[in-house]
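Biologist: I am new to this one, and I would like to understand the words people use for it. Could you show it to me and let me ask my questions?

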Amino acid sequence: MEVMIVLIPLSVALVALVGAVFWWSVNNGQFDDLEGPAHRILADDDGARASDRSSAP
Amino acid sequence: MASIVVADGHEAAATAPAQRCFHCGDAVPAPSRWQWQVGDAARHFCCGGCLAISQTIDAAGLAAYYGRRTGAGATPPAIDEERDWGGSDADALRARFARRDADELEASLLIDGMSCGACVWLLESWLSRQPGVAHASVNFATRRARVRWRTSEGSLARLLASVRAIGYAAHPYDPARRESMARRERRASLSRTAVALLAMMQVMMFAVPTYVASDDVAPAQQALFDWASLVLTMPVLVYSAAPLWRGALRDLAMRRLGMDVPIVLGLAAAFGASAWSTLGGGGPVYYDSVTMFVALLLVARHAELVARHRAGEAIERVARARPAIAERLVDWPRTSVGESVEAASLVPGDRVLVRPGAGVPADGVVVEGRSHVEEAVLTGESRPRAAGVGDAVLEGAINREGALVVRVDAAGDATRLAGVVRLVEAAAAERPRVARVADRIAHAFVGALLLLAIVVGAYWHAVEPSLALPIVFALLVVSCPCALSLATPATFAAAAGALSRMQVVAARPDALETLARVSDVVFDKTGTLTQGRLRLVATHAPAVDVAAALARAAALEAFSEHPLARALRDCAPDAATTAARVIVHTGQGIEGEVGGTPYRIGSLPFVEALAGPMGAVLAARLASIPPQATVVALGSVAGVEALFVLDDAERETAGEAIARLHALGVRTHILSGDSARAVAAWSQRLGAGEARGGCSPSDKRQAIADLQAHGAVVAMIGDGVNDAPGLAQAQVSVSLGSAAPLAQWTADIVVLSDDLSRLPLAIAQARRTLSIVRQNLGWAFAYNAVAIPAAALGLVTPLLAAAGMSLSSLAVVLNALRAGRAVRRP
């Protein structure tokens with residue numbers, strides 16, 4: 001069971017890594033809009049969307 | 001993103017060195033009076049024009065322009081500062097935030113750092129104690145405080161400072177900033193929850209071996225598990241649980257007991273004992289309970305946060321429609337030179353230019369140009385409406401195509417949109433009675449719980465010292481006042497959001513509660529069930545084509561502005577038919593040639609004078625026309641051709657609304673000043689329960705009082721001044737968006753879209769909201785009644801307590817979210 005001594009700190013480090021990645025993605029705006037991108041991928045008319053955005057108040 | 005800094009003259013003088021205008025690069029005259037937060041620094045401006053431009057750029061999210069640009073911004077059109085802004089600089093800016101009421105000012109402040117319903121109470125009490133403050137109310141859903149203060153004693157700057165002094169940040173309300181604040185809050189909440197969930201997962205894994213096979217775990221391994229758990233629990237306690245700590249510390253600093261206090265006490269005790277054990281003191285560890293408790297609790301709070309934001313957004317949408325900047329035409333119509341001014345500083349009589357795509361900055365009348373305007377925010381109708389010279393346009397309408405010049409009739413606080421915004425804000429700023437009572441009970445509940453914990457702890461310490469700590473921990477953690485403190489306000493916030501999405505505003509928070517109990521709805525007729533204007537209801541033309549007759553009528557009526565003529569024109573199938581040699585006989589009708597044939601349209605005698613007596617078929621039809629309708633005849637030398645029957649048009653949804661109200665078990669009544677016969681005819685047509693005609697305003701009031709005497713809870717829906725006594729007598733008064741402002745001001749509920757079928761929907765929504773609140777309170781009572789005695793007797797392990805409490809609060813919050821879903825059919 002000596003392997004535990006390696007594995008347990010490793011698991012703690014992995015959790016820290018996952019936490020850091022998640023923290024980054026949250027602050028990067030990945031979770032800000034969970035519905036929009038699903039629709040956006042269907043609308044391939046990028047030009048129209050850009051003009052929509054610029055005319056928004 | 002950005003906030004305005006309203007600089008008091010002397011303050012700015014002390015802090016502003018000589019500098020260049022952030023926008024145009026001109027020298028800023030000292031003292032600097034124009035400041036605007038762009039990015040992370042307060043910028044100074046040379047004049048109001050530059051400031052306004054910069055605000056617009058910033059509000060559009062384009063502040064990066066200032067980082068990327070290589071030259072100075074365009075210099076705004078020359079403005080005589082002293083004339084336009086001099087002496088009233090603070091007023092013009094403040095107009096966006098503060099509303100003048102005699103010698104009092106009122107402002108909406110955005111509050112940063114509110115974590116629970118209890119903060120509302122704290123902020124309200126604190127603000128009310130500030131010098132000069134006459135009234136303060138805080139809305140948890142939108143994070144806004146409405147403060148009214150006497151200008152002689154208080155200032156906005158001092159109020160902001162005072163809010164900061166108790167650990168919150170306050171900003172004068174600004175939509176762009178609000179949005180970024182909401183995003184920050186959501187991201188932080190998500191990160192905290194995720195960290196807690198990850199840690200919980202891992203700590204559980206270390207805990208399981210101890211639970212299933214504690215004999216097989218070697219002491220060295222156990223120590224390893226404990227240390228790993230300790231490391232993983234630390235961030236949960238310090239980072240994830242930070243809002244809980246802050247909430248509890250704030251409560252304690254104010255010497256009161258919020259729902260976070262027992263939670264934090266339990267967490268601290270459990271973690272302290274566990275850490276002591278791990279460091280060598282010996283004894284059990286509770287890392288699994290601590291992390292799971294925090295994680296599940298944060299999931300529940302995150303759900304509540306999302307619901308609150310969604311409700312807040314729906315409410316914000318109305319307020320956000322107000323354009324901030326207007327383009328005033330200084331010398332119209334001689335020149336079309338424009339200057340940018342704060343929309344709030346417009347005065348009636350000003351001419352403003354509304355460019356395509358821009359919002360109309362004030363209520364007014366079009367004096368030049370032709371376009372389509374979209375008034376979705378006011379009416380819910382997204383189909384654009386044609387607007388030409390002479391047509392009225394409302395603030396907040398979006399101009400679609402052509403540039404319009406609008407003469408301002410009402411601006412600033414006097415516009416219809418401003419009235420709606422105020423209603424919405426006032427409604428959102430107060431909490432319904434149920435929520436206030438629930439919060440008070442929660443405080444008492446927590447106090448009693450802490451006392452019980454001390455007693456139980458002392459008892460077990462005497463009987464079995466090793467059990468005292470886990471039992472006290474379980475007791476502190478297992479109790480769940482969430483249905484009171486967290487779920488009840490969340491339910492009402494969610495319901496308000498759902499209502500405002502269907503264009504219904506509950507102007508008084510208690511209205512929702514009363515609306516749920518409504519047993520009788522009283523309608524006014526004219527202007528409420530009917531549209532209050534004439535419409536073509538039938539055409540009798542037995543000998544000719546109806547459409548052709550209508551086209552001829554419309555061609556002749558094109559020369560008249562009489563309401564009857566308008567109604568006929570509105571129904572005409574085409575504009576191709578034209579009339580020539582038209583003579584208007586005032587009070588009788590119109591004479592002219594259509595297709596070469598002389599025609600007359602108007603009163604029957606006037607037409608018969610040309611056409612001769614009408615035929616037997618038409619005469620029989622005439623006899624069947626109801627007496628309140630107006631008849632317009634059309635005839636040529638060949639004889640009377642058609643009879644047009646015009647009547648007050650019913651609102652399209654009136655019949656549907658009444659049917660749905662009946663389906664909800666609500667009785668309907670019509671009280672009208674009209675003749676009894678006409679009212680009875682309308683009542684029958686719409687299927688209303690009871691109808692009374694010939695009512696004076698005081699008769700209406702008396703009729704409602706009689707209903708109430710028999711135990712009815714009455715909602716009255718009316719539009720005019722003559723309904724005011726009735727509206728005041730009814731428990732719930734409802735008005736339509738198009739009603740007279742007076743009726744709106746006194747109404748408890750305003751249906752902005754003028755769609756009567758929203759009323760039964762609102763009643764159904766209110767009933768569901770109340771039933772959800774009741775379900776939650778019932779659940780909380782049952783849960784606590786079982787869990788607290790069980791925990792006190794030592795039957796609940798800390799892990800079970802943590803799971804029970806956090807799942808219970810998750811359940812009530814998720815249940816509360818159901819109030820935010822719109823009801824489709826009552």
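Modeller: Happy to; we can go through confidence, charged pairs, one arginine and the contact between the chains.

Biologist: What should I know about how this model was made, and what pLDDT does chain B average?

Modeller: This is a predicted model. Chain B averages a pLDDT of 77, and 78% of the residues score at least 70. Over residues 1-17 of chain B the pLDDT is below 50, though that stretch still has 35 contacts in the model beyond near neighbours in sequence. Residues 68-93 of chain B are also below 50, with 45 such contacts. For the complex, the predictor gives an ipTM of 0.73 and a pTM of 0.61.

Biologist: What makes Arg301(B) and Asp260(B) a salt bridge?

Modeller: Their closest N and O atoms are 2.9 Å apart. The cut-off is 4 Å between a side-chain nitrogen of Lys or Arg and a carboxyl oxygen of Asp or Glu, so a pair that meets it earns the name. As background, side chains of opposite charge can pair when their charged atoms come close. Over all chains, the structure holds 10 salt bridges.

Biologist: Where in the chain do Arg301(B) and Asp260(B) sit?

Modeller: Arg301(B) lies in helix H12 and Asp260(B) in helix H11 of chain B, 41 residues apart, which links distant parts of the chain. Both residues are buried.

Biologist: Which residue forms a salt bridge with Asp350(B)?

Modeller: That is Arg328(B), with the closest N and O atoms 3.2 Å apart. Asp350(B) is in the loop between strand E9 and strand E10, while Arg328(B) belongs to strand E8. Asp350(B) and Arg328(B) are both buried.

Biologist: Arg667(B) forms a salt bridge with Asp520(B) too. Why is Arg667(B) called partly exposed?

Modeller: Its relative accessible area is 47%. Buried means under 20% and exposed means over 50%, so a value in between is called partly exposed. Arg667(B) therefore counts as partly exposed.

Biologist: And how do you know that Asp520(B) is buried?

Modeller: Asp520(B) has a relative accessible area of 0%, and it is buried because that is under 20%. Arg667(B) is in strand E25 and Asp520(B) in strand E18, 147 residues apart.

Biologist: Why does Arg552(B) count as buried?

Modeller: Its relative accessibility is 17%, which is under the 20% cut-off, so Arg552(B) is buried. Arg552(B) is placed in helix H20 of chain B. Residues that Arg552(B) touches include Val544(B), Thr577(B) and Tyr599(B).

Biologist: What makes the pairing of Arg552(B) with Glu641(B) a polar contact?

Modeller: The two side chains come to 3.0 Å. The limit for a pair of N or O atoms is 3.5 Å, with one able to donate a hydrogen and the other to accept it, so the 3.0 Å contact falls within it.

Biologist: How many residues does each chain bring to the contact between chain B and chain A?

Modeller: There are 16 residues from chain B and 17 residues from chain A. Together the chains bury about 1500 Å², 73% of it on carbon and sulfur atoms. On the chain B side, Arg187(B), Leu198(B) and Leu224(B) lose the most area, together 34% of what that side buries. Between the two chains there are 0 salt bridges, and 3 residue pairs are in polar contact. Helix H8 and helix H9 of chain B each supply at least two residues, and H8(B) gives the largest share, 9 residues. By class, the chain B side has 10 nonpolar, 3 polar and 3 charged residues.

Conventions
Residues numbered from 1 in each chain as written. Chains lettered and ligands numbered in written order. Predicted model: local features only at pLDDT ≥ 70, side-chain atom pairs only at ≥ 80, totals over all residues. Heavy atoms only, no water. pLDDT = per-residue confidence, 0-100. Contact = heavy atoms within 4.5 Å. Helix = DSSP H or I, 4+ residues; strand = E, 2+ residues; numbered from the N terminus. Buried < 20%, exposed > 50% of the residue type's maximum accessible area, 1.4 Å probe, protein only. Buried area = accessible area lost by both parts, 1.4 Å probe. Nonpolar A, V, L, I, M, F, W, Y, C, P; charged D, E, K, R; others polar. Lists of a residue's contacts leave out its neighbours within four places in sequence.
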